[in-house]
Structures are given as structure tokens and as C-alpha cells.
Amino acid sequence: MGSTFVSPRAVGAPGIPYYTPINNPGAAIDPGPHTPTLFQPLKIRNFTLKNRIIVAPMCMASSEADPESDDVGTLTDFHIAHLGHFATKCVGLVMIEATAVQPNGRISSNDSGLWQGTNSSQFRALRRVADIVHSQGAKLGIQLAHAGRKGRVVTPWVGGRGAVKAYKSAWGWPDDVIAPSCGEEFKWSPGETSYWAPRDLSVAEIAEVVAAFARRASTAVDAGVDVIEVHGAHGYLLRQFLSPITNRRDDKYGGSFENRCRIVRGVTTAVRAEIGSEVPLFLRISGTEWLEGNSVAAENGTWDLLLSMKLARLLPEFGVDLVDVSSGGNHHEQSIQPHGNYQVDLAGEIRKAVRAAGQKTFVGAVGLIRDPEAARDIVQGTNDETNSTGEPNGDVVLIAREFLREPNWVFLAAKKLDVKVSLTWQFGRGLL
Ligand SMILES: Cc1cc2nc3c(=O)[nH]c(=O)nc-3n(C[C@H](O)[C@H](O)[C@H](O)COP(=O)(O)O)c2cc1C
């Protein structure tokens, strides 16, 4: 009847190249002092997370593997569906899986990569992922990585359970699997079939790795990525340098703690210089390599929680805003006993260490987080027997497997914790 009224719902989300209503699912409606910290915003530099819940990076091994293809390493429509759907389901920040900054930095043949610039399908696909995530009012992170000596095993669903090394005929690079130190001793796991023995990097090649991280952080930001995470955990290249078990170099990148940290310092400061002062930078570390008491550690030393605390206290100098505390993955004799808080406790200890030093570096807790109440207590602190100091164990939680089981976890958590949150307009009728 000629009405000119335009519903706010009909106004498209700004900056998105297709119509979708403005959405911000997972933001607390009318937050107040009683809103659990889990649903309170967190400001990091020029960026506000609407809640404290992050989808942890998860390799999907779902990119083109053929090195002759223009699309090698490129994210696909699968990633738009997979990562975008978490954004529609109330998550604050979605982290893209370990993404290799050099072609030989992939773990398996179909892993994602970002070693090309802004005129590439890698860039264009990343921008599409950024659009879908932003269209839901969520933020997008990318985990930049180099697999080092864990590089180039066959994709799990091709090679079967357990790692199978990729020959040249399977698009592998047997001669270019790299590490701080070379030879059979430095394979990730013993045995003939699973991993290649690495060659060691020259100092000039280390500089190239550092430059590749910095360049691709900048490319990611140009594509619309809001947060850069550097992968320094799980026995991948940067982690291999940190640990005396895998780094036996006698140049400026090996030996002392400072020397072993040099590549991480180089990468994070170079990334910071490229992305400027507004973009948050996260660093994922392994809080310990779970070798305490092991004979390999007795002989060579190890990377334990104390060294992680020492590194964490250096992070303001390194340009890092948040340390994401995982563990393990650097030696096959690691002794991990996963239980409720096994990794969250590491995060808590590191957080205490940085706060005791008067620093504000944020801490991410990850590992076996399933219950909304547990997630709430991690970022809020408790007074019960699970946490004697009552201090929070982290400032954010990162969740992986529970999101694969229950993508709607954030909404269900809000309901359980009695928090009213905004919903994606299109799904509202199903969720009220
Ligand atoms: C399918 C899958 C892929 C993963 N890929 C990565 C990855 O790319 N980078 C990374 O740092 N961790 C990766 N992880 C580890 C998770 O980020 C997370 O730290 C771990 O699963 C523990 O959290 P959870 O108990 O919530 O699953 C992966 C985990 C899963 C289940």
C-alpha cells in the first residue's frame, strides 16, 4: 500500500558483497555486571571480541594438492561452509586452520596455504571466508604455520590412520623437509614409513621463513583477516627451534634459551611490523612437551612450563597480545595424560606468571573444554577446589572438537548460563 517503511532487518550488512541482514549472534543483550565474563566483550588493540569463545584452528586437509594447479593450498567453498557456519552460530572469533606460509610448510598434501600474494586464488578465497564470517558480526583469525620436519605426509583419508610420508610421485618433497637440525635422529617419529628425515636450514633460509610469515600476515590482513596467530606449538617448525630436543644448532639460532627463541622473536616482530599497531597478534605455544623425567630430556634438556613462563614474559617485547597455550607434539616419547584441566592448568600458570610480572598479555586456554560452566570458570575464576587461587586460567577459551560435535555450543552455553544473546536473524525462529 505504498508504505516507505524499511525494516532494520532489511538493511544489508556493510562491506559484504551480497545481501545478508546485519547480524551479531552471540553478543549478550544488555550485558551488565552479572553477565558471566564468558559473554562479556574483550578488547584487544583495535578490535573487540563480542564474547570470549574462539573456534580453535583445525586442519581440514581439504584444499587442492596438485602443485601444478592454480588453486593449490586454496581455501574452498567447503571452508566457507565450515568456518562460516560457526560464525552464524554465535562464536566470537573463528580461527582458520594451520596455513602454510611456504609450500613445504604444509603438514599433509591437501592442507591450506598462503604463500601467494593478493593476485592469487589463495587470496581471493580467503577474502570470501572473511566475508561470510564478518557478515555474522564475528571476527576472523588465521593461524600461520610452517610444519618443518612434520611436513609432507599423505592426507589422512588417502594414507589411512597414522602418518604416511609422501613421495615425489604423491606430490611430496622428500628432499625439502626442513628443521633446525638434520638427519634420522630428528624425524618426528621413528620408522621407515611415516616421516622424512629433515635437512637443516641455512641462516639465509631462516631469514626467508621469517620474511614469509611477515609477508603472509600482511596478505591475510589485506584479505580482511582480523587476527594473526603464529603457530609455535605441536612440534612444527618454530616449536622445533624452541626445544633443545630438536634444536642442536651451534649458531645464533641454537644453544641458549635466547638463541632458540630467536626465530620466534624474529617472526613475531616482523609480523607486527607488517600488520601495524591495530591488529591483534596471537602466539600458540606448547606449554610443555611432556618429557619431564624422560631419559631423552635428561640427556638434552627439554621445554617445560618454566620455559613457557619465561617466554610468555617476553611476549610484550615480541609484539604478541595473546598466548594460546596448547602442549606436546615435539617428541614421540611424550607422556600426556589428558584429563579435565591438564592443559587449562598450564594456561593458568602462565597467566599467573605474566600477571605477577605486571604484564597484560592475554592468555588463551584450550583442551577438553566442553561444559559451559567449566568455560565460564576458566575466564572468570572460581573459589572451589579446582582452582585454589580463584584466578582465571585464561582470558578466552578456544574449543576444537566440541564444536565438531556441537556447532551450536555457544548458543546452548548461553542458555545454560542464563545469558540472553542476539541470534542470526535467519535462524531466530528455530532458536527462540
Ligand atoms: C581436526 C583437528 C585439526 C586440528 N588442527 C590444528 C591446527 O591446524 N592447528 C593447531 O594449532 N591445532 C590443531 N588442532 C588442535 C586443536 O586446535 C586443539 O588445540 C585440540 O584439539 C584440543 O582442543 P579440544 O579438546 O577442544 O579439541 C586440531 C584438532 C583437531 C581435532
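The chain folds into 13 helices and 12 strands. Keep in mind as you look around that this is a predicted model.

Let's begin with the overall shape. Along the principal axes, the C-alpha atoms occupy a box of roughly 80 × 55 × 40 Å. How does the radius of gyration of the chain compare with that of a compact globule of 432 residues? Such a globule would come out near 22 Å, and the chain has 22 Å, so the two agree.

Next, three pairs of packed helices are worth a visit. The table lists their angles and axis distances.

| Helix pair | Angle between axes | Distance between axes |
|---|---|---|
| α1 (residues 77-88) and α2 (residues 121-135) | about 25 degrees | 8 Å |
| α6 (residues 257-275) and α8 (residues 305-318) | about 40 degrees | 11 Å |
| α8 and α9 (residues 344-356) | about 45 degrees | 9 Å |

Start with α1 and α2, whose axes meet at an angle of about 25 degrees. Angles under 35 degrees count as roughly parallel, and therefore α1 is roughly parallel to α2. The crossing of these two helices is right-handed. On the α1 side, the contact is formed by His79, Ile80, Leu83, Gly84 and Ala87, while α2 brings in Arg128, Val129, Ile132 and Val133. Sorted by class, the residues of this contact are 6 nonpolar, 2 polar and 1 charged.

Now move along to α6 and α8, which pack at about 40 degrees. Are they parallel or oblique to each other? At this angle α6 and α8 are oblique, and they cross in a right-handed sense. If you want to find the contact in the structure, look for Phe257, Cys261, Arg265, Thr268 and Thr269 on α6, facing Leu307, Lys310, Leu311 and Phe318 on α8. This contact holds 5 nonpolar, 2 polar and 2 charged residues.

Helix α8 has another partner to show you: α9, with an angle of about 45 degrees between them. That angle makes α8 oblique to α9, and the crossing of α8 and α9 is right-handed. Here α8 uses Leu305, Ser308, Met309, Ala312 and Arg313, and α9 answers with Leu346, Glu349, Ile350, Ala353 and Val354. The class count for this contact is 7 nonpolar, 1 polar and 2 charged residues.

Finally, turn to the ligand. How many residues surround the ligand? There are 20 of them, and the closest are Ala56, Met58, Ala98, Ala400 and Arg401. Two elements each give at least two residues to this shell: strand β4 (93-100) and helix α11 (401-405). As for the character of the surroundings, the shell contains 11 nonpolar, 5 polar and 4 charged residues.

To retrace the tour, α8 is a handy landmark, as it packs against α6 and also against α9. For the ligand, Ala98 and Arg401 are good places to start looking, being among the closest residues.

How values were computed. Residues numbered from 1 in each chain as written. Predicted model: local features only at pLDDT ≥ 70, side-chain atom pairs only at ≥ 80, totals over all residues. Near = placed C-beta within 6 Å. Helix = DSSP H or I, 4+ residues; strand = E, 2+ residues; numbered from the N terminus. Nonpolar A, V, L, I, M, F, W, Y, C, P; charged D, E, K, R; others polar. Axes fitted to C-alpha atoms, helices over the stretch in contact; angles between N-to-C directions. Parallel < 35°, antiparallel > 145°, perpendicular 65-115°, else oblique. Left-handed = near helix turned anticlockwise from the far one by under 90°. Contact = placed C-beta atoms within 7 Å. Rg over C-alpha atoms; globule rule 2.2 N^0.38 Å.
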